[in-house]
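Good morning, and thank you for making room for me at this meeting. Please have a look at the sequence and the structure before I begin, and then we will go through a few places together.

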Amino acid sequence: MLLAPFAASTLALETRALLTRLDRLQPFALVMPMVAAARVSPEASGAIERYLLDGRRTLRNRVLDYLRWLRHPGVGASPEEAQRRFAFLKLRFNVALTQFDIFANALTVRGEIGNGVWLAGLDATAEDALSLDTDYYEAPPVVTYLDRGHGAAIRRARTRLPGGGRNPVAIIRVPRERMVGSGIASSLVHEAGHQGAALLDLLPSLRIELQARQCATAGAEHLAWQLWERWISEIVADFWAVAKLGVGATQGLMGVVSLPRAFVFRVQFDDPHPFPWIRVKLSAALGNMLFPDPQWKLLDDLWEAFYPRTGLDDERLQVINALEATMPAFLRLLTSHRPRALRGAALIRAFDLTSRRPERLRALFRDSRGRATTLQSLPPTLALAVLGQAKQDRLLSPERESRIVADLLTRLGLQRALTRARGAPAPTAAAA
């Protein structure tokens, strides 16, 4: 059965309708209402616009090719074949809309008064979180946005988007409930850590070392090393946060995972996240390894007091005991790991740990008196680490902390906007 003129015209009309809808997808620069200080970086904006423009151009060409095919040689095809081709074309159209919406959702909130400029400050903070002491990689542009939900998340740059294509920017979703103080930094830098680990290609080589430990052990110890490998992606991101934020990272983590006891001790062997109880213990142990100070034992003891292990069944106690017994060796393996991307350096050497030592953070808070005008001269993650340390030392009330963080993020967003307006490159973080 050949394609009848009525069937061909029906498909042509539907295809042309797709084309008119495609033409209504305008560049974000024309449709997104936001003040200058809330805009994403030129690198992020350009990468997104180029990616979407290339996708629309490719789809438009496919639509036009299909319309030409309908005229000839499609007239000799069956209605089923013509419909099949149209159905696949419509799927490609829906993919283009899905990808447009991914970026639109991340950019729309920039129009909110206050929040939009704060997000520009969070962009600067995330970019600083990706910076290491040496240029081991080319960091991608970062776009942050607010959304509902409990936890943060990242759609990493250079990963596959729905329907195909490589994401041109890192998109970090920040839950609105975290926008209450310096705790926002913990979630943000954790997600940036996922991107950093991917850029360093950390996980494959770490897994090889962890698998070797499994082969050399048995029983409960073997299970512990299995779990460290299962959880390594999230643990690396937590390590990144502690290395950049000091005690503020552990504080923020405790805020996120402070849940009813049943959830805190829920051990799920197929979950890529460590169960909350051991995750906080590990974060405190990491902090004590990187920045020795009595405060880490205070946090560890506090967590034990909030969630005592008394009353747990023997199976969970056995898992906890094995994890605690292997934790020192695991932390040494993690921090001394030498991935190829670091050109022979250990992972611990890739971060500026000296400036995050508690005594240094305390001195910076004393000198700045917690003023955002002074803190903005520091790298954003260092400024937030200073606030986290002050909070730990009980020198900063929640009310004042919230005001300082809001002021700091606003100043960071404005600083980026003014620098761009002067035609200069985006500012690099000043040395502490």
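I will start with the whole chain and then move on to helix pairs, the sheet and some single residues.

Please keep in mind throughout that this is a predicted model. The protein has 18 helices and three strands, and its C-alpha atoms fill a box of roughly 80 × 60 × 45 Å when the box is taken along the principal axes. Of its 432 residues, 51% count as buried. If we take the contacts with a sequence separation of 6 or more, 77% of them are between residues 24 or more positions apart.

Let us turn to the first helix pair, which is α3, residues 42–71, together with α4, residues 79–108. Their axes lie 11 Å apart and the two helices pack at an angle of about 165°. Angles over 145 degrees count as roughly antiparallel, and α3 and α4 are therefore roughly antiparallel to each other. The crossing of these two helices is left-handed. On the α3 side the contact includes I48, Y51, L52 and R56, and on the α4 side it includes E81, A82, R85 and F86. What kinds of residues make up the contact of α3 with α4? They divide into 15 nonpolar, one polar and five charged.

While we are here, please look at the loop between α3 and α4, where P73 has its place. The peptide bond that joins H72 and P73 is cis, with omega at about 10°.

The second helix pair is α10, residues 247–257, with α17, residues 380–392, and here the axes come within 7 Å and cross at roughly 70°. That angle makes α10 roughly perpendicular to α17, and α10 passes α17 in a left-handed crossing. From α10 the residues V247, G248 and Q251 take part, and they meet G388, Q389, K391 and Q392 of α17. The residues of this contact divide into one nonpolar, five polar and one charged.

One residue of that contact deserves a further word, namely Q392, which is in helix α17. Is Q392 buried or exposed? Its relative accessible area is 11%, so Q392 is buried. Leaving aside its neighbours within four places in sequence, Q392 is in contact with V247 and Q251, and also with Q295 and L299.

Another residue to find on your screen is K244, in helix α9, residues 232–245. With a relative accessible area of 7%, K244 is buried. Apart from neighbours within four places in sequence, its contacts are with D128, A129, S131, V189, F351, R356, T381 and A385. K244 also shows how the chain can bring separate stretches of sequence together in space, since K244 and L130 are 114 residues apart in sequence while their C-alpha atoms are 9.5 Å apart.

Now we come to the strands, which form an open sheet of three, in the order β1-β3-β2 and with mixed pairing. Which strands stand at the edges? They are β1, residues 142–147, and β2, residues 153–155; each has a single partner strand, so one side of each is left without a neighbour in the sheet. Neighbouring strands are turned by 25° against each other on average, with direction ignored. The pairing of β2 with β3, residues 170–175, is in the antiparallel sense and runs over three bridges, and within β3 it is I171 that R155 stands opposite. Helix α5, residues 115–129, packs on the sheet and touches β1 and β3, and its direction makes about 135° with that of β1.

I will finish with two residues whose backbone angles are worth a careful look. In the loop between β2 and β3 you will find R158, which has a positive phi of about 70° although it is not a glycine. Its relative accessible area is 37%, so R158 is partly exposed. The other residue is R343, in the loop between α14, residues 314–335, and α15, residues 358–368. R343 has a phi near 55°, a positive value in a residue other than glycine, and at 56% relative accessibility R343 counts as exposed.

Thank you for listening, and I am happy to go back to any of these places.

Methods. Residues numbered from 1 in each chain as written. Predicted model: local features only at pLDDT ≥ 70, side-chain atom pairs only at ≥ 80, totals over all residues. Heavy atoms only, no water. Axes fitted to C-alpha atoms, helices over the stretch in contact; angles between N-to-C directions. Helix = DSSP H or I, 4+ residues; strand = E, 2+ residues; numbered from the N terminus. Parallel < 35°, antiparallel > 145°, perpendicular 65-115°, else oblique. Left-handed = near helix turned anticlockwise from the far one by under 90°. Contact = heavy atoms within 4.5 Å. Nonpolar A, V, L, I, M, F, W, Y, C, P; charged D, E, K, R; others polar. Buried < 20%, exposed > 50% of the residue type's maximum accessible area, 1.4 Å probe, protein only. Pairing = 2+ DSSP bridges.
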